[in-house]
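Colleague: I am new to this structure and would like to learn how its features are read. Could you take me through some of them, one at a time?

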Amino acid sequence: MAILALLVSINTIANFLDMNTTILVGNIVYVPVVLLLVSVSAFTLIKLGHDGMHGIAWISLLIASSLWLVAEVVWIFYEMVLQVDPFPSLADVFYSLGYPFLFVFMLAYISPVRKGITKSSLSIAVSISAVILFFGLYQTIDSSIELDSLDTFYAILYPVLDSILIVPAILGISLFFSGRVNFMWTMVCFGILSLFIADTIFMYSQMDDTYYTGHQIEILFYFSYVLIAFGVYDQVRIFGQKNKIQ
């Protein structure tokens, strides 16, 4: 909570400053935030190993977070060094490559409690995903006349990736409300949900040309990284307690 409050404060203060400072702060903050997720992912993999479904989850998360770290560095290079618009760019290649690994992570992460997933919760999750995808693609097609081909490609790709990710995230949250998992475990799923909302608003703001690095929407991206990191770290604590008992 302290980290989340600090990130909100930094973003809010930065948006009261001039645009150049806001963009600079927006770029700088991403580095330690993503590094937090990379560090937790690496620590979890080292601590708990790569065996079983959880091992697949830790490896996938480390790859996804590492790709996102590279993406952030590339974004900063484009915007701060080359001083060109970083969307779309090579940064988006690394961002989008992280999503399949995040999906594998989510599947492996909820696999041990998959028996708690009901047909109704699965159908609801898929239905929500389909509705989200429909409106995302509709908005993109409606705006595509004002976008070039690469803009359109990523405007379609991100809603597709998000609609796939949102299914295991909703299932994870439903498991929490049914008492199958603890609250910190569910932080991972809330992190995915936060990422989805941030991606959606990001694409809309890109289409109407209102987005800038340091925008208030960045808060949701920060939240996604932090929530996933602390949700995963809690698993290290739980496994450590189990080992002590054994």
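**Reading helix pairs and loops**

Modeller: Let us begin with a pair of helices in this predicted model: the axes of helix α2 (residues 19–48) and helix α3 (residues 52–82) come within 9 Å and cross at roughly 160°. Angles over 145 degrees count as roughly antiparallel, and therefore α2 is roughly antiparallel to α3.

Colleague: What is the handedness of the crossing in which α2 passes α3, and how do the residues of the contact divide by class?

Modeller: The crossing of α2 past α3 is left-handed, and the residues where α2 and α3 are in contact comprise 20 nonpolar, six polar and two charged.

Colleague: How are α6 and α7 oriented to each other?

Modeller: The axes of helix α6 (residues 149–177) and α7 come within 9 Å, with a crossing angle of roughly 155°, so that these two helices are roughly antiparallel to each other. Here too the handedness can be given, for α6 passes α7 in a left-handed crossing. Among the residues that meet are Tyr 154, Leu 165 and Phe 176 from α6, and Phe 183, Leu 195 and Met 207 from α7. By class, this contact of α6 with α7 has 20 nonpolar, two polar and two charged residues.

Colleague: How many residues does helix α7 have, and how far does it reach from its first C-alpha to its last?

Modeller: Helix α7 (residues 183–207) has 25 residues and reaches 36 Å between those two atoms, close to the 36 Å expected at 1.5 Å a residue.

Colleague: Is Trp 68 buried or exposed, and which residues is it in contact with?

Modeller: A residue counts as buried when its relative accessible area is under 20%. Trp 68, which is placed in helix α3, is buried, with a value of 3%. Leaving aside neighbours within four places in sequence, its contacts include Val 34, Phe 94, Leu 195 and Tyr 225. The C-alpha atoms of Trp 68 and Val 34 are separated by 7.3 Å, although the two residues are 34 residues apart along the chain.

Colleague: Which backbone features should I look for in the loops?

Modeller: One is a cis peptide bond, which joins Phe 87 and Pro 88 with omega about -10°, and Pro 88 lies in the loop between α3 and α4 (90–110). Another is a positive phi in a residue that is not a glycine, as in Gln 83, where phi is about 55°. Gln 83 is found in the loop between α3 and α4 and is exposed, with a relative accessible area of 65%. Asp 209, in the loop between α7 and α8 (218–245), also has a positive phi, of about 60°, and counts as exposed at 68% relative accessibility.

Definitions and conventions:
Residues are numbered from 1 along each chain as its sequence is written. This is a predicted model: local features need pLDDT of at least 70, side-chain atom pairs count only at pLDDT 80 or more; totals for chains, interfaces and linings use all residues. Side-chain values use heavy atoms; hydrogens and water are left out. Axes are lines fitted to C-alpha atoms, for helices over the stretch in contact, and angles run from 0 to 180 degrees between N-to-C directions. Helices (H or I, at least four residues) and strands (E, at least two) are DSSP runs, numbered from the N terminus. Angles under 35 degrees count as roughly parallel, over 145 as roughly antiparallel, 65 to 115 as roughly perpendicular and the rest as oblique. A crossing is left-handed if the near helix is turned anticlockwise from the far one by less than a right angle, and right-handed if clockwise. Ala, Val, Leu, Ile, Met, Phe, Trp, Tyr, Cys and Pro count as nonpolar, Asp, Glu, Lys and Arg as charged, and the others, Gly among them, as polar. The expected span of a helix is 1.5 Å times one less than its number of residues. Buried means under 20% relative accessible area, exposed over 50%, partly exposed in between (1.4 Å probe, protein chains only). Contact means heavy atoms within 4.5 Å.
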